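Me: I would like to go through this structure by question and answer, with the reasoning kept short.

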There are 2 protein chains.
Amino acid sequence: MSTNCCASCATPDKIVYTFGGGTAEGNSGMKNLLGGKGANLAEMAGIGLPVPPGFTITTEVCTYYYAHECTYPAQLDGDVKKGIANMESILGRKFGDTEAMPLLVAVRSGARESMPGMMDTILNLGLNDRTVEALCKATENPRFAWDCYRRFVQMYGDVVLGVQKRPDEDHEPFEAVISALKKERHGDAEIEDTKLTADDLKELVVRFKTLVKERTGKDFPECPWDQLNGAIGAVFGSWNNDRAIVYRRKYNIPSEWGTAVNVQAMVFGNTGDESGSGVAFTRNPASGEKEFYGEFLMNAQGEDVVAGVRTPSPVADLARVMPEAFDTLQEIRATLENHFRDMQDFEFTIQDRKVYMLQTRNGKRTGVAAFRIACEMVEEGLIDWKTAVRRVPADQVDQLLTPVFDREAIKSAKKIASGLPAGPGAAAGRFYLNAERAVDAAERGEKVLLVRLETSPEDLRGMIAAEGILTARGGVSSHAALVARQMGKVCVCGVDALQIDYSARTMTVGGVVYNEGDYLSIDGNTGAVFAGKVETSPSEIIQVLLRKTMKPEESRVYQNFAKLMEWCEACTRMKVRTNADSPKQAQTAVAFGAVGIGLCRTEHMFFEGDRIDYMREMILSTGVAAREAAVNKLLPFQKADFKGIFSALKGLPATIRLLDPPLHEFLPQTKEQQLDLSNKIGMPVEVIMRRVSELHEFNPMLGHRGCRLGISYPEVTRMQARAILEAAVEVSEEEGFDVVPEIMIPLVGFKKEFDIQKAIIDEVAKSVFEEKGRGVEYRVGTMIEIPRAAVTADQIAESAEFFSFGTNDLTQTGLGMSRDDSGSFLGKYSELEIIKKNVFASIDQEGVGKLMQIACELGRKSRPNIKLGICGEHGGDPDSVKFCNKLNLDYVSCSPYRVPTARLAAAQAVLEQGQA
Amino acid sequence: MSTNCCASCATPDKIVYTFGGGTAEGNSGMKNLLGGKGANLAEMAGIGLPVPPGFTITTEVCTYYYAHECTYPAQLDGDVKKGIANMESILGRKFGDTEAMPLLVAVRSGARESMPGMMDTILNLGLNDRTVEALCKATENPRFAWDCYRRFVQMYGDVVLGVQKRPDEDHEPFEAVISALKKERHGDAEIEDTKLTADDLKELVVRFKTLVKERTGKDFPECPWDQLNGAIGAVFGSWNNDRAIVYRRKYNIPSEWGTAVNVQAMVFGNTGDESGSGVAFTRNPASGEKEFYGEFLMNAQGEDVVAGVRTPSPVADLARVMPEAFDTLQEIRATLENHFRDMQDFEFTIQDRKVYMLQTRNGKRTGVAAFRIACEMVEEGLIDWKTAVRRVPADQVDQLLTPVFDREAIKSAKKIASGLPAGPGAAAGRFYLNAERAVDAAERGEKVLLVRLETSPEDLRGMIAAEGILTARGGVSSHAALVARQMGKVCVCGVDALQIDYSARTMTVGGVVYNEGDYLSIDGNTGAVFAGKVETSPSEIIQVLLRKTMKPEESRVYQNFAKLMEWCEACTRMKVRTNADSPKQAQTAVAFGAVGIGLCRTEHMFFEGDRIDYMREMILSTGVAAREAAVNKLLPFQKADFKGIFSALKGLPATIRLLDPPLHEFLPQTKEQQLDLSNKIGMPVEVIMRRVSELHEFNPMLGHRGCRLGISYPEVTRMQARAILEAAVEVSEEEGFDVVPEIMIPLVGFKKEFDIQKAIIDEVAKSVFEEKGRGVEYRVGTMIEIPRAAVTADQIAESAEFFSFGTNDLTQTGLGMSRDDSGSFLGKYSELEIIKKNVFASIDQEGVGKLMQIACELGRKSRPNIKLGICGEHGGDPDSVKFCNKLNLDYVSCSPYRVPTARLAAAQAVLEQGQA
């Protein structure tokens, strides 16, 4: 790139890269510049695979385009012409040829990362009223030629010229023209397209062009070069269409990346019965099994396979239909895996028995498949174990932990239909036939299934909201299947038995009518559809590790999981702990590989059974003595809880946080509850009401909570410290292993707060150890969850032995944004890309992360070996875990079921950050 | 100090400094080590003033004492003995002499800063059953000797041995013994102490000792050395008594400073009619007038003057009573002012016609006096103008702006009594006779006067809560007067006509009974007391500058003020702007010297008249169009407001903040109000109720407000930008001066928020300037009031042209502490010294200040000449202003009436920080 005032102002040096004819200017390493599709087309061409020639316009042109009010670099026009000339010379055809077989091209988008269905594609470009005649002549197949032409006009009219359904119309306008012609000429608007004659298609072209003129006021462009320029512009324009923006938001793709444009010579899968198109995977993307997986349609273009309009055949059938093509594809499959060393998802077209490769890319896969493929590729020697660790997306790990149907419940479940298993797991929910209503229902708190004839990018929001997706049409590579797998949603596709009536909001199967809102259950592992709600049961991993209802050797899923976790262990630097408030949670987390508790919230213990009444008595009491008496009633319960936890941990460390939430959370808020409490503890209801009202806060998040409670009511700190330390001494005595409690003081903002609370703990420890005649080692540390604590961490670290970042609250205070209230504006923020990821799920690295970084630096300045961890909900988010590794934290702590995710992310962090 | 492991562990090298006999080991520059009193005693001794000899134990011993579990450095004992020996040799007396006149000593505390009434004092130490006889013999005055002895036993018993009133007692135990003896021997418990005979006093000593034995189980110490050690310990111990802690908290004195102990030879003002004690000021501390001001009591010890038990005579009377002593004091007064070059507050004792100096210190003074003394000392050549600027306490400036009684109202006011004017200003309020009830009433929102016979340190909280203080006894140097002046409270002392009945809670004056809770009014400038509530009117400065009801030359107060402000101007670096929402406020601030508006809150404008209904309509509307229509109805009002402000500023800059508060603040919250609005705007009340409930937030402070509103409702930003820019264009056209509006976007946390809002403003500006055919310069900047903004200030500064620190919100978010909710724990925080000053009044420099510092550094990195200011309420707090100067901010902005304070503080900052 030439130098200039800024990156986006610079005019790129080389903006068009050709491929084909056995060579290519680009390669698969140039994804940022050429996009994923373009780079891989170049790579395939370079290694001799049969790729139709073409060229790629770089993503830099897209960036330039948006930085310069939708204009192009000056040299683009000439470079495109040269690119076409190169294709002409390889194929011996001319673009716009009106005599011989003309060069027709496909124009496709191709971003750095695949964005299925998000970007628009134009096929058969180069056809006009004169070249179509040349095509007729050359192919001697007028019906084919006119079908190409009418498809081109329709697609171009829709995508480039914007002739689309208006709100007042019931049907797509081009489809309406087709239906009218079918009715007019064949008496039936519903006949299949294949029934249309060449003459019908010719007439359609005329009528389509009239429609375009009516709608746009302009003639359809006849000049192939105008067509090409329009298509290129449409691809760049589509980078910022609504669907693309929605997709980018969900997958955190920066809008600055831009898309490339691929212009490639057309090959035709629809020239007749010796042609076809298909989509295949080098391994099964759902299970990970090493098998040739995919599907094809004879006499069809590739878009027909993906669109799901006709249900395709499994690719294995091709061995029978066209064995030589099948053999070629098998060879290509092997070449691809050996070359790319990853599972590939590729598109092919067979034109007159010759196989062409149109695309390859690393295949999306389920979590289960990702684990299996990674492990098996290591066994096969295709990759090393570090690559395996890096390759499994950490955010897919929990797919392995998702439920399957309960074994008992499924026996009596009423199976009503069957389709293709396209996204693993089991899901039950009320079904909705449109995305909007599905979203509404999910927002009401319902578990939802989205049921559609087929899905399209417009359904994306509904798919996000749903537990599972069920479609009547389309195969395992349909839009629904691809997107569902990526999202980790359960998906069943191509259930032919479904009859859907969108207007009546009903679904009919085998004569039985189901109304929108009824329960359905689907099995994404078998493709079964059940009426009603079928209970689910835990995943195999849960069954092996927690329920012990399966043996390790019975579950391949478990074995792959265990192998990968073992590799993770071999390269991880950070420990993974868990947030657990009970012995059971602690055990679960330890089974998943947690090495201790990073956050034990003591307040949860106050809600069980009678305890809440003692707690309330404490809060309602006036005077230290009365409060002390009430709080001491809680001591035996707290102590028993801690003993349970210490026993479960068997010597692993446990960080226990002292009371944190504001007191009003413990008090009854309704009049009835208050009367009830009044009777129970014999305190006038007026006193209770007054106290509840006294404790009301305008901003409880910023109120009387955390260590502020311990400062106001030192008796609470005293009781909790005693419960923890007595439990530790007793368990270490009774069970014979060391217990080293880490007592954590919440919401510290000032060193002196910490010092005051620590002094109480130390004093209690002294008494307890004297009383018991034996002591334990213990540590006192603090949460860093207030910006002031972060920026004065040097002071606090003089006293605190460890820090744990409470990123939930640090996000709320650091961003001045209440999690409970931000719903009213965060949607807009996400839409405008002010916030790229949900800051309450993934650490805001630039802001909150900066505060963490400051706290780490200052804390280490005062206490070089201070132990640093994180215990916010972000501890289970892969990106956040990797960020924590960058900060060199000692551990992350997350909910028990996120422990495997965090372990994988922690290992990947080491590999990605070059620490291994 | 010798080196050691840490500062507090080190044993100081020299811990006792002697003075007297014409020389001294210390001097006034050693206040940190010797305390204010000790350093000045040394200084006075050094310059030849008649100071009784003595020695000072350093503050380092106090520090050592608290760091070593209340023990002393080993050498202390020996050094004290040497100190006593030095006094003995100067005076030719022996400590504990049982033959000749014994050396008696006073033991007094002396902190770095004066803490009146906070620390305890022991007089006449060295007396026992044998030395008292020597004293009788030497003075030939047994009554005097025994009076000294019984005072010593009483004081020592109270302060050192802790014989004090128990909760179940009505009277101080020693006083009870005295009353009983008076009754027994004289038939009247109420006779004056002077009526007691030597024999009575001798008997009292016996009874006092019995009391001590009863209460403490120990004999009263007879050995003078034991007495001395006990007294020294009591002084150190009193550093941490409750009253001292309360005082330190109010005046931000660090507990680490510690106190010194002064041991000084006794001189006696109570040997007879040729003796006396007094307290004087080298100038009038209330008005600042250059006159010999003070008071004395004949035949009394110094404590009697301060205690206010007898009302003393003005010092001028001494010219008549004892002219030679008066002349000596006049000479001393001149020497002191020439030497210390500041107004001195000194204590003297006349023993048998000879004057002794017991103390001198810089005199506390009212704000009015501070200005006058500073100005006049410059005129007199005693100090230079920079010293004058440094010397006026910035937090006293607003005393000059405090009200006086309304001229008309005062004519008809019912004057019921008169006393000494001891704290300037006029105050009216309901009176309370005890501190606790005064505090309670003030917390209920009442304006309160505290009325007491005399005040003591126990009344401190009540004095803080009161508008003014009225006492029946005591003079202008009584506890009440001293403390009131320091606090800037109105105070009238020594109103003999008051009869106070604490138990009946009544005050009787001239036969009329007033009940606690009745209104009184007091004039601290004249000493007048009025029944009922007298309206107040503005200060002279207000009358000159704002009301124009006085000419500058008519007001000396104004002239001193103006002179000082002129000097400030000559050395100030930072500008002072104001927070103003109306033309009137802007004019006021400009009159006080503000050079623009630093914060104009636009939301206040939405509440006036009909506007609130349009605002509500906007909030309740659904859809952009409806909202736009409603919001545009507000446009003419907003524009008119801005025109008014721009006109008032006459070209000075104005920073205007866009809409900030959450929308629910604008909606009616009660059912009645909602019904009312429903009728007014014809919207169903259900819709209004639903919207109010939708807008409810759990933590509104962290909710949908600030620029988040402008992001959600860009039409509001558009309307406000249009109003500001149209107003700017029109005013600059109509009035012929440049208007450069600074548009400020609130609550920015992300650069992109800023960019989105700025783009709207720029777009509106383009339209407005095109429509008007003329433009204005304008700037767009942001508040820094969220920690994220502070730590990403480098990013934000790429777009923002200025930052204004919103320290109110930055304190709340940075500390995770809601101003509205922190009342429930801040009291405790202050008591425990976790927080030294109210963080919502004075910037928390270590925490919030650190965030500000980070923001300044990062902001300047991206935009070296970025304009930086502060517009939180801290902008008018002197310490905060000085901190802002350290950060090199361009301006501070504060409420109009705080502008002079800020100007003075800004000038002092330059002088103190060595920038001048």
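**Strands, symmetry and cavities**

Reply: This is a predicted model. In chain B, strand β28 covers residues 597–601, and strand β29 covers residues 654–657 and runs parallel to β28(B). The two are joined by 3 bridges. Within this pairing, I597(B) has as its bridge partner in β29(B) the residue A654(B).

Me: Which residue of β28(B) stands opposite N579(B)?

Reply: Strand β27 of chain B, residues 575–579, runs parallel to β28(B) and is joined to it by 2 bridges. N579(B) belongs to this pairing, and the residue opposite is L599(B).

Me: How many of the 5 residues of strand β28 of chain B are buried?

Reply: Buried here stands for under 20% relative accessible area. The strand is largely enclosed by the rest of the structure because the number of its 5 residues that meet this is 4.

Me: Which strands are the edge strands of the open sheet β11-β10-β9-β12-β13 in chain B?

Reply: The sheet has 5 strands, with antiparallel pairing, in the order β11-β10-β9-β12-β13. An edge strand pairs on one side only. In chain B that applies to β11 (313–314) and β13 (354–362).

Me: In that sheet, which residue of β10(B) is the bridge partner of F281(B)?

Reply: Strand β9 (276–281) and strand β10 (293–298) of chain B run antiparallel, with 6 bridges between them. For F281(B), the bridge partner in β10(B) is Y293(B).

Me: At about how many degrees to β13(B) does helix α12 of chain B run?

Reply: Helix α12, residues 323–340, lies across β12 (344–351) and β13 of chain B. Its angle to β13(B) is about 30 degrees.

Me: What relation do chain B and chain A have?

Reply: Chain B superposes on chain A with an RMSD of 0.2 Å after a rotation of 180 degrees and a shift of 0.1 Å along the axis. That is therefore the relation of a two-fold axis.

Me: Which residue of chain B comes closest to the rotation axis?

Reply: Both copies use the same surface, since 100% of the contact residues of chain B recur in chain A. By C-alpha position, the residue of chain B closest to the axis, at 2.2 Å, is N699(B).

Me: Which elements give two or more residues to the lining of the largest cavity?

Reply: The whole structure holds 8 cavities of 30 Å³ or more, and the largest has a volume of about 100 Å³. It is lined by 16 residues, and among those closest to its centre are R108(A) and M266(A). The elements asked for are β6 (105–111), β8 (259–265) and α10 (302–307) of chain A.

How values were computed
Residues numbered from 1 in each chain as written. Chains lettered and ligands numbered in written order. Predicted model: local features only at pLDDT ≥ 70, side-chain atom pairs only at ≥ 80, totals over all residues. Heavy atoms only, no water. Buried < 20%, exposed > 50% of the residue type's maximum accessible area, 1.4 Å probe, protein only. Pairing = 2+ DSSP bridges. Contact = heavy atoms within 4.5 Å. Axes fitted to C-alpha atoms, helices over the stretch in contact; angles between N-to-C directions. Least-squares fit on C-alpha atoms with pLDDT ≥ 70 in both. 1 Å grid on protein atoms, 1.4 Å probe; cavity = no way out; pocket = protein on both sides within 12 Å on 5 of 7 lines; lining within 4 Å. Points joined across faces, edges and corners; volume = space filled by probe spheres on them.
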